[in-house]
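Work through the exercises below with the model open. Try each task before reading its solution.

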Amino acid sequence: MKMSVRSVAASAMICAVFVLGGCAVADSDGSVGVVDSTDGPIEVEENLATVDVRVARSLLDPEDSMSDEEIVSAAAENGMTAAVDGDAVVYTMTKSQRDEMLDELRSSAQDAVDGIVADDSNSITEVEVDDAMTAFTVSVDAERFSPLESLLVIGFYLQGALYQQFAGTPAGELDVVVEFVDDATGEVLESGSYQDWRKNLEG
């Protein structure tokens, strides 16, 4: 069975594209600064006018293809400031910008899901996502389901984790669970989580 590599790539990268190059625009200057690096993926500090969001750089730029200056410049073009240190990027934005960012992350994730479901080269018939983007239920035609399609979880993990980071989910509570289920019987065919995936990568 042929798997759409384009669909996999789109689902994995679409959220980072919106963060690095497609958010609400406002006047602001970007600056490169040194911030405390953290093993945790997110911290959100809310002030009266702005919100500071610390995001794992490895999630924003998985292929490590952007320089610090490019990340900061992309943030400035989108009306935010950013400071980079190793695997941490701290964005400073208004609360309304953060809300719009969350809307765009959900919208981009939905667009990616719609594209996967519409792709006849795979067995996926429906994808349900909870409001907090912590759980993806992927319904498939069990007779056509291929183990190769489980690669799609990477895209779902990145979409859900990035959304949760900007929503302020504490690092210890960050997770995304993906289940592939038989669309006829509801039987769970495969299941995995973002935290387990990260542990496997680190191990």
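The exercises concern a predicted model and go from the overall fold to aromatic rings and single residues.

**Exercise 1. Lay out the fold.**
State how many helices and strands the protein chain has, and give their order.

*Solution.* Start with the count: six helices and eight strands. Then read from the N terminus on: α-β-β-α-α-β-β-α-β-β-α-β-β-α. Next, take burial. Of the 203 residues of the protein chain, 43% count as buried. Then turn to contacts between residues at least 6 apart in sequence: 67% of them join residues at least 24 apart. Finish with the surface. The accessible surface comes to about 9,900 Å². Carbon and sulfur atoms account for 48% of that area.

**Exercise 2. Classify the pair Phe-145 and Phe-180.**
Decide which class the ring geometry gives, then place both residues in the chain.

*Solution.* A search of the whole structure finds six aromatic pairs. For Phe-145 and Phe-180, the ring centres are 5.5 Å apart and the planes stand at 40°. Stacked needs under 30 degrees, and edge-to-face needs over 60. The pair is therefore tilted. Now place the residues. Phe-145 is in the loop between β6 (135-140) and α5 (153-167). Phe-180 is in strand β7 (residues 177-182). They are 35 residues apart, and the pair links distant parts of the chain. Last, check burial against the cut-off of under 20%. Phe-145 has 17% relative accessibility, so Phe-145 counts as buried. Phe-180, at 1%, is buried too.

**Exercise 3. Classify the pair Tyr-157 and Tyr-194.**
Work out the class, then say which helices the pair ties together.

*Solution.* The centres of the two rings lie 6.3 Å apart, with the planes at 65°. That angle makes the pair edge-to-face. Tyr-157 lies in helix α5, and Tyr-194 lies in helix α6 (residues 194-202). The pair therefore ties together parts that are 37 residues apart in sequence. Both tyrosines are buried. Widen the view: Tyr-157, Tyr-194 and Trp-197 form one aromatic cluster.

**Exercise 4. Examine two arginines.**
Find the ring under the charged end of Arg-106, then describe the setting of Arg-98.

*Solution.* The ring belongs to Tyr-163. The charged end of Arg-106 sits over that ring, 5.9 Å from its centre. Move to Arg-98, found in helix α4 (residues 95-118). Its relative accessible area is 8%, so Arg-98 is buried. Finally, compare sequence and space. Arg-98 and Val-51 are 47 residues apart along the chain. Their C-alpha atoms are separated by 7.5 Å.

Key. Residues are numbered from 1 along each chain as its sequence is written. This is a predicted model: local features need pLDDT of at least 70, side-chain atom pairs count only at pLDDT 80 or more; totals for chains, interfaces and linings use all residues. Side-chain values use heavy atoms; hydrogens and water are left out. Rings of Phe, Tyr and Trp (its six-membered ring) pair if their centres lie within 6.5 Å; planes under 30 degrees apart count as stacked, over 60 as edge-to-face and the rest as tilted. Helices (H or I, at least four residues) and strands (E, at least two) are DSSP runs, numbered from the N terminus. Buried means under 20% relative accessible area, exposed over 50%, partly exposed in between (1.4 Å probe, protein chains only). A charge sits over a ring if NZ of Lys or CZ of Arg is within 6 Å of the ring centre and within 35 degrees of the ring normal. Contact means heavy atoms within 4.5 Å. Accessible areas come from the Shrake-Rupley method with a 1.4 Å probe; for residues, only the protein chains shown count as cover.
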